[in-house]
Each structure stands twice: as C-alpha cells, then as structure tokens.
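Student: Could you take me on a close look at one part of this model, the place where the two chains meet? I would also like to hear how that part fits with the rest.

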Amino acid sequence: MELTRRDAAAALAALGASGGVALGARVAADRSRDGDPGEDPEADGTASDDETVRETLTAVASVVYPSDLAGVDAFVETFLAGRLDDSAHAAGVRETVAELNHLANSWHGAPVADLDAADRDRLLREVGADAADEDPDGTTAERVRYYVVNELLLALYASPTGGELVGIENPQGHPGGAESYQRGPP
Amino acid sequence: MSGAGLAGDERSDVDAIDRTPVPDADVCVVGAGPAGALVADRLAGDRDVVILDAGPRFDPADRLARQERAIRPSYGRPDVWDVGGERDAHESAGDRYYPLNHARVKGVGGSTLHWQGMVMRLHEDDFNSGSERGVGPDWPIDYADLRPYYAAAERELGVAGASDNPYAPPREEPHPMPPFEPSYSDSLFAEACESLGIDMHSVPNARNSEPYEGRSPCVGYGTCQPVCPSGAKYDATVHVERAEERGATVIDRAPVERLEHDGDDRVTAAVYATPDGERHRQTADAFVVAAGGVETPRLLLLSASDRYPDGLANGSGHVGEFFMDHLFAGAGGTLDEPTRQNHVGFYTSACDQFYDEADESRAPFKLEFFNYAGPSPVESALSGDDWGDPLRDRLRSEYGNHVAMGGLVEQRPDADSRVTLAGDRTDDRGNPVPRIEWTVGDRALDTIERANEIQVSILEELGADVEWVAGPDATGPAYHHMGTTRMSDDPDRGVVDADCRTHDLGNCWIASSSVFPTSGAMNPTLTIAALALRVADGVEARLSRGT
C-alpha cells in the first residue's frame with residue numbers, strides 16, 4: 001500500500017497545519033519573549049533544525065510504520081512541512097529530536113538517521129519509548145513517545161491510507177464524509 | 001499547526017478585553033451555554049442583554065488541536081476544553097462518585113461544546129410521572145405547553161430527524177433536516193430486532209445532515225463527543241454569536257459569585273469577578289440564571305443573605321436537592337463479520353419501545369444502537385507497546401467486528417441526592433465549591449438490569465459473543481445534570497414556578513435542566529432549549545408590562 005501526499009494533506013487536515021492555529025504562534029512567541037533574547041536553541045544544541053527533524057523522523061518512520069508501506073519519506077516530509085511551524089508543539093518536536101539524537105550519538109556513535117534500522121529500533125526501546133505513555137512534559141521516554149513515535153503514528157493512522165491498512169478508510173480525525181459509515185464491507 | 005498541547009491558552013487576550021458592566025442593561029443572563037444563549041438571542045435586538053460566563057471564549061481555530069487532544073492518550077476528557085484546576089474544584093460524596101469535571105465545559109458554548117448532540121423530546125407521560133407512573137411530582141406544565149417550543153427549538157438548533165418513531169410524542173411538522181441514514185451496523189441489528197419483535201427507528205441529531213444556516217454538514221471527523229471541528233454539530237456559540245450580532249454583550253472569564261437583592265424581593269445585581277482580580281456589579285431589570293444543574297444551585301446558595309439565610313430563591317428549602325442524572329446501561333461484543341464501526345461519533349438508530357412501560361417499579365428507558373463500538377484504531381495505535389508490523393497486525397485484529405448497544409435510564413428524584421456547598425474547600429476565588437451527593441435508587445438499578453436483558457437478547461440473536469455488560473454495578477452518569485431547582489406551582493415544593501420564574505424573586509428566572517421535576521430518560525438538551533425559549537417569552541412579557 002502506498003502513502004501519498006494526499007494522505008499527508010489529509011493528516012494535516014485532521015491534525016492541523018501551520019497557520020491553522022494562530023494561538024500556537026502566540027504561545028511560542030510568548031515563550032521566546034520570556035527567555036533570554038540571546039538564546040538560540042538550535043545554536044546551543046537543545047533543538048534540531050528542521051532538516052534534521054525531517055531526516056530523523058523519516059528514519060524513525062521506517063521503524064514504526066509497517067514494512068509494506070511505500071511512499072513513507074514523501075509522506076513524512078509533507079506532513080512535517082505543515083507541522084513544523086513556530087508553535088510550542090513544533091518546538092517540542094525539535095527539542096525532543098535533538099535529545100534523541102544526542103542519545104543516539106552517545107550510545108550508538110551516530111545520529112538516528114545514520115543508524116541501521118535494527119539500531120534505530122533498539123535505540124527507541126533503550127530510550128523506553130515503547131513502554132512509555134506519551135507525555136509532552138514527561139521524561140525523555142514519554143516525550144520521545146509523544147513528539148516522535150506518536151507524532152508519526154498519529155499522522156499515519158489518521159490518514160485514509162493508514163486507516164485502510166487496518167480496515168477503516170475514514171479513521172477518527174479524518175473528515176472523510178458522512179457516507180462511509182453506511183457502507184458495508186468492501 | 002499547533003499540537004494538542006497548545007489549545008486553550010487565550011492569555012494574551014485576557015487583559016485587552018473590557019469586562020466592565022453594561023450600563024442600563026435590561027436582562028442579565030448568567031451562563032453562555034445553550035439555555036443562556038437561546039434566551040439572550042431571543043431577547044437581543046429588543047432588549048439590552050448582557051451574558052456573563054465563568055469560562056473563556058474559545059477560539060474556533062483551536063478545534064483541530066482540541067480534536068488532537070481528544071485522540072491522544074495523554075489528555076483526559078476534561079483537558080479537551082480546559083476544565084479542571086482550582087476554578088472547577090468540587091467534592092463528591094454520597095453513594096457514588098460523580099465525575100463532575102468530565103461532565104461539563106465552562107465557557108462560551110457551555111457543555112454543548114462536548115456533547116454528543118442527541119435531541120429527543122420528552123414523552124407526554126414524562127410530564128406526569130406522579131400521576132401516570134406513581135413516581136415523583138407531575139410537572140406543572142404538560143407536553144402540550146412545551147410542544148410549540150420543542151418545534152422552535154428544533155429549528156434553532158438544527159435537527160436532522162424523521163417521523164418514523166411510533167413511540168415518540170406527537171409532532172406538528174417534519175424535522176428541519178432529513179435524518180442521517182442508518183449505519184451498516186444498524187442493518188445488522190435490524191435483522192436481529194425483527195426476529196425478536198423489537199422496533200428500531202431513527203434518532204434526531206442536532207447535527208447537520210445538509211448545510212444549515214451557514215453551517216457545514218457533517219464531514220465525518222468521528223470525534224463528535226467531545227469536539228466537532230466542522231461545526232456541523234450544534235453548539236451554543238451559534239446563538240451567542242447571533243445574540244452579539246443583535247446587540248448583546250458577552251463578558252467571558254467572569255464567574256458570577258453572588259446575586260444581590262433589594263428589600264422588595266427583586267434581584268438587583270450579579271457580582272462577578274474578572275481575570276484582573278476585580279469585582280464588578282452587573283445591574284439589570286431581569287436576571288436569568290442559566291448555569292446548569294450544578295452551578296445554578298451553587299450560585300443561589302452562595303447568594304445567601306440576612307433576608308435569605310438559606311440561599312436565594314430557597315424558601316422551599318429545595319435548592320440543590322433532587323440532583324438527577326441518567327444512568328447508562330450497555331452491552332457489547334464481537335461478531336464473526338465486519339461491522340464498520342468508528343466512522344462517525346454519533347448513533348443513527350434507537351428503540352423507544354419499552355419507554356412508556358414505566359411504572360412505580362420500572363423506570364422509563366431507551367435503547368441505542370452504537371456506531372462506535374470497540375477500539376478506534378488511531379487511538380489504539382498511540383497506546384500500545386508495539387510499532388511497525390506487530391502494531392499493524394494488532395490494529396487489524398482489534399478493529400472491525402465489534403457491536404454494542406447503550407441505553408439511558410431515568411433516575412427517581414430523591415432529596416438526598418443533592419448539590420450543597422462544601423464545608424471547607426474553596427475555589428480559586430475563595431468561594432465554597434459544589435459538593436455533590438449522588439445517590440441512585442433501586443428502581444433505576446432494576447431497570448438497568450431490564451435494559452441489559454433486552455440488549456443481551458438482541459446481541460445474542462445477532463450472533464455476537466457478548467463480552468461486556470454495563471449493569472447496575474458498572475453503570476455511570478450520562479452527564480445530564482437535572483433537578484436541583486425543581487419546578488412546581490407550590491412555593492413549598494419547588495424553586496421556580498411553571499414559567500421557570502423563582503417563587504421568591506419576581507425578576508429572576510432559571511433556564512436549565514435544573515428545573516426538571518423528573519428527568520425522563522431522554523437526553524435533556526432539546527427540553528432545555530424549549531424551556532429557554534419559553535423563559536425568554538416570559539421575560540419579555542414581564543418587561544413589556546413593566547413588572
């Protein structure tokens with residue numbers, strides 16, 4: 001089964017894209033104003049740049065998405081293009097990706113994107129993201145689960161192709177119309 | 001996009017808004033939920049109306065983020081609409097825990113922001129429960145009194161429905177919109193019900209089956225309860241916004257802490273707090289308290305004075321008593337075939353066949369055929385300890401063949417089931433929090449068992465493996481707060497009269513399910529809306545007469 005840019009657009013329609021929630025930008029701006037104006041989270045290594053976020057999440061997607069899916073890279077990139085705005089949520093993604101890459105370098109000698117699939121899977125489990133409950137304000141494991149693993153799983157399984165993969169072409173969160181519930185199984 | 005964690009923080013707006021009182025207001029409405037919104041909308045234009053609400057004005061642009069909260073496991077139900085904290089502190093006592101903050105939303109739109117949107121009329125006997133069923137008092141009004149207001153309420157909310165329910169009370173005209181078509185799983189249930197001689201029929205939804213008054217038809221987000229991003233599900237922001245367009249003033253984040261009165265038994269002012277810590281007095285000629293079944297009695301009790309030491313409008317002593325909710329009865333299981341669940345978040349078929357068999361020992365109840373049985377794959381995906389192919393395989397095995405039924409059961413009014421003020425716990429402004437003592441009697445519990453029997457018989461006829469039954473031990477509330485300022489012609493037996501005007505104060509009305517003397521087993525919001533429209537007419541008539 002192939003993920004398409006339409007799926008990514010659908011995931012963004014379900015979860016929101018840049019500009020959809022001006023509030024997020026305000027909160028991020030507030031956070032920025034509250035901090036030291038000289039601070040640059042990318043420069044000091046506490047947040048990843050967007051290219052690193054894309055590379056990392058694409059690499060993680062190859063582990064947490066089913067193996068029979070095609071088009072994963074383009075799906076993730078399109079989704080993140082809408083998702084990585086100036087909101088506090090996007091800041092959380094950038095910061096958590098930086099933290100995950102720091103652990104990858106420490107434990108496996110390379111960032112996530114440069115690890116082979118088995119090591120990526122091992123890293124996520126060593127971090128504890130498999131057993132953790134997601135929490136945006138929690139431990140590293142809980143934040144990796146929230147901002148990395150579940151960010152990707154939410155995008156996939158709220159999209160038509162992701163839903164169809166498990167038997168529902170109009171999954172919760174996707175505005176797939178008020179007809180599919182009336183139809184019998186294909 | 002902002003993620004789920006960002007919704008609900010309107011801090012930057014707080015200081016910029018003028019929250020000072022409106023001079024020379026005709027009507028002050030306390031609460032911007034459906035009742036308050038409809039009253040305000042009906043009166044605005046001809047009257048200067050001000051609406052005070054304890055909660056914020058939510059940004060419609062945040063709805064996708066709130067939907068994400070509804071799906072993500074990190075957030076509980078109260079988090080979706082920012083309920084909780086010291087503002088919403090409460091105590092639960094009595095036989096059963098009452099999860100109040102799961103059961104309400106504070107803010108413009110009120111609990112219609114998170115409701116499911118099911119809108120049935122009460123049955124004729126519901127208005128005469130004492131004489132027809134031997135339980136509780138009769139209402140001082142009949143179905144016929146409310147019937148035109150029901151029709152008006154259906155037009156206001158926008159109701160999709162059909163006239164195929166042989167057990168529904170008589171109606172004068174079709175619903176404003178055609179009904180939602182039955183679901184695929186309804187067709188499976190229909191065969192089983194036909195074999196058992198059980199009737200299925202459509203169910204009215206306050207949800208657009210087609211474009212209605214500028215609002216979208218349902219597009220199938222599937223998260224109706226607790227948030228509809230498309231606006232197809234009615235919520236009271238519709239009427240708040242219309243009231244504002246017609247001149248009404250809305251003051252949000254303005255919890256009313258007490259009502260003041262004069263020596264002539266008239267309310268003179270609503271005293272409210274604002275985020276800057278100030279207190280203000282909103283004066284008006286008439287006051288309509290529309291703060292729901294818990295905060296309405298709380299406000300009256302907080303307004304105790306030397307003249308009314310037991311609380312305002314509490315000459316009967318019944319303010320806060322007879323707290324009722326509907327009890328849930330349910331059962332579910334799995335079939336060996338696909339059932340196509342969780343495409344939408346509402347149901348399309350019901351059964352009222354057993355409703356009017358109610359008597360002293362059997363409560364009225366209704367049955368619902370769910371379209372959302374079993375796990376939602378996207379929610380399930382976020383909670384496991386697996387990913388990749390094992391997760392895909394688990395989701396496939398979990399999803400697809402669940403079926404379930406629900407039902408609501410009436411709770412008998414009981415003075416010991418009540419809302420009072422907590423003795424030593426206060427909210428963020430130092431006011432005693434509501435203390436809920438929720439008790440459920442044997443009539444309701446026995447009726448839950450009866451509902452379960454029918455549900456299980458249908459499921460078994462369907463060929464399902466019945467895997468769960470929500471019976472008397474597992475029941476819970478449907479989040480319908482009723483009964484705490486009951487309506488009665490007798491000032492000794494009720495808080496408001498047949499016009500929902502308080503017996504004790506001539507210029508104070510209550511628009512809320514708190515006035516229900518008995519609850520029936522139908523979702524209450526259409527009746528709340530009908531009563532609110534009737535209250536608006538009563539207020540207008542009084543203001544016109546200058547009394």
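Tutor: Happy to! Let's start with one pair of side chains: A:Glu169 and B:Arg340 meet in a salt bridge, with N and O 2.7 Å apart. Please keep in mind that this is a predicted model. In general, side chains of opposite charge can pair when their charged atoms come close.

That pair belongs to a wider picture. Across the interface of chain A and chain B there are five salt bridges, along with 27 residue pairs in polar contact. Where on chain A does the touching side come from? Seven helices each supply at least two residues of it: α1 (5-15), α2 (22-34), α3 (50-64), α4 (72-83), α5 (88-108), α6 (117-127) and α7 (140-157). Of these, α7(A) gives the most, with eight residues. Sorted by class, the side of chain A that touches chain B has 31 nonpolar, 20 polar and 13 charged residues.

How many residues are in contact? On chain A there are 64, and they meet 58 residues of chain B. The size of an interface is often given as the accessible area lost when the parts come together. Here the area buried between chain A and chain B is about 4900 Å², and carbon and sulfur atoms give 55% of that.

Now let's step from the interface into chain A itself, staying with the helices we just met. A:Arg143 and A:Glu99 form a salt bridge, their closest N and O atoms being 2.5 Å apart. A:Arg143 sits in helix α7 of chain A and A:Glu99 in helix α5 of chain A, so this pair ties together parts that are 44 residues apart in sequence. Is A:Glu99 buried or exposed? The value falls between those two classes: with 24% relative accessibility, A:Glu99 counts as partly exposed.

Another salt bridge in chain A joins the side chains of A:Asp130 and A:Arg125, at 3.5 Å from N to O. The two partners differ in their surroundings: A:Asp130 counts as buried at 16% relative accessibility, whereas A:Arg125 is partly exposed at 36%. The cut-off explains the labels, because buried means under 20% relative accessible area.

Let's cross over to chain B. B:Arg47 forms a salt bridge with B:Glu540, and the closest N and O atoms are 2.9 Å apart. B:Arg47 lies in the loop between α2 (34-43) and β2 (49-52) of chain B, while B:Glu540 lies in helix α13 (residues 525-545) of chain B, so the pair ties together parts that are 493 residues apart in sequence. B:Arg47 is buried, with a relative accessible area of 19%, and B:Glu540 is partly exposed, with 22%.

Chain B also has a network of salt bridges, which links B:Arg87, B:Asp88, B:Arg104, B:Lys106, B:Glu257, B:Arg279, B:Glu295, B:Arg298, B:Asp427, B:Asp428 and B:Arg429. Over all chains, the structure holds 57 salt bridges.

Two records help us find our way along chain B. An unreviewed UniProt entry places "domain: Glucose-methanol-choline oxidoreductase N-terminal" at residues 105-327 of chain B. In that stretch the chain is 24% helix and 13% strand, with the end C-alpha atoms 20 Å apart. UniProt, again in an unreviewed entry, places "domain: Glucose-methanol-choline oxidoreductase C-terminal" at residues 413-532 of chain B. That stretch is 24% helix and 20% strand, and its end C-alpha atoms are 22 Å apart.

Why is helix α3 (residues 63-71) of chain B largely enclosed by the rest of the structure? Eight of its nine residues are buried, so the rest of the structure largely encloses it. The buried residues of α3(B) include charged ones by name, among them B:Arg63, B:Arg66, B:Glu68 and B:Arg69.

Finally, here are two backbone details to look for. Most residues other than glycine have a negative phi. B:Asp265 has a positive phi, near 60°, and lies in the loop between β6 (256-261) and β7 (267-273) of chain B. B:Phe322 has a positive phi as well, near 65°, and its place is in the loop between α9 (292-302) and β10 (327-328) of chain B. As for their surroundings, B:Asp265 counts as partly exposed at 24% relative accessibility, while B:Phe322 is buried at 9%.

Methods. Residues are numbered from 1 along each chain as its sequence is written. Chains are lettered from A and ligands numbered from 1 in the order in which they are written. This is a predicted model: local features need pLDDT of at least 70, side-chain atom pairs count only at pLDDT 80 or more; totals for chains, interfaces and linings use all residues. Side-chain values use heavy atoms; hydrogens and water are left out. Contact means heavy atoms within 4.5 Å. Buried area is the accessible area (1.4 Å probe) that two parts lose on being put together, summed over both. A salt bridge is a side-chain nitrogen of Lys or Arg within 4 Å of a carboxyl oxygen of Asp or Glu. A polar contact is a pair of N or O atoms within 3.5 Å; within protein, one must be able to donate a hydrogen and the other to accept it, and residues adjacent in sequence count only if both atoms are side-chain atoms. Helices (H or I, at least four residues) and strands (E, at least two) are DSSP runs, numbered from the N terminus. UniProt positions are given in the numbering used here, feature names are shortened, and annotations may be inferred rather than shown by experiment. Buried means under 20% relative accessible area, exposed over 50%, partly exposed in between (1.4 Å probe, protein chains only).
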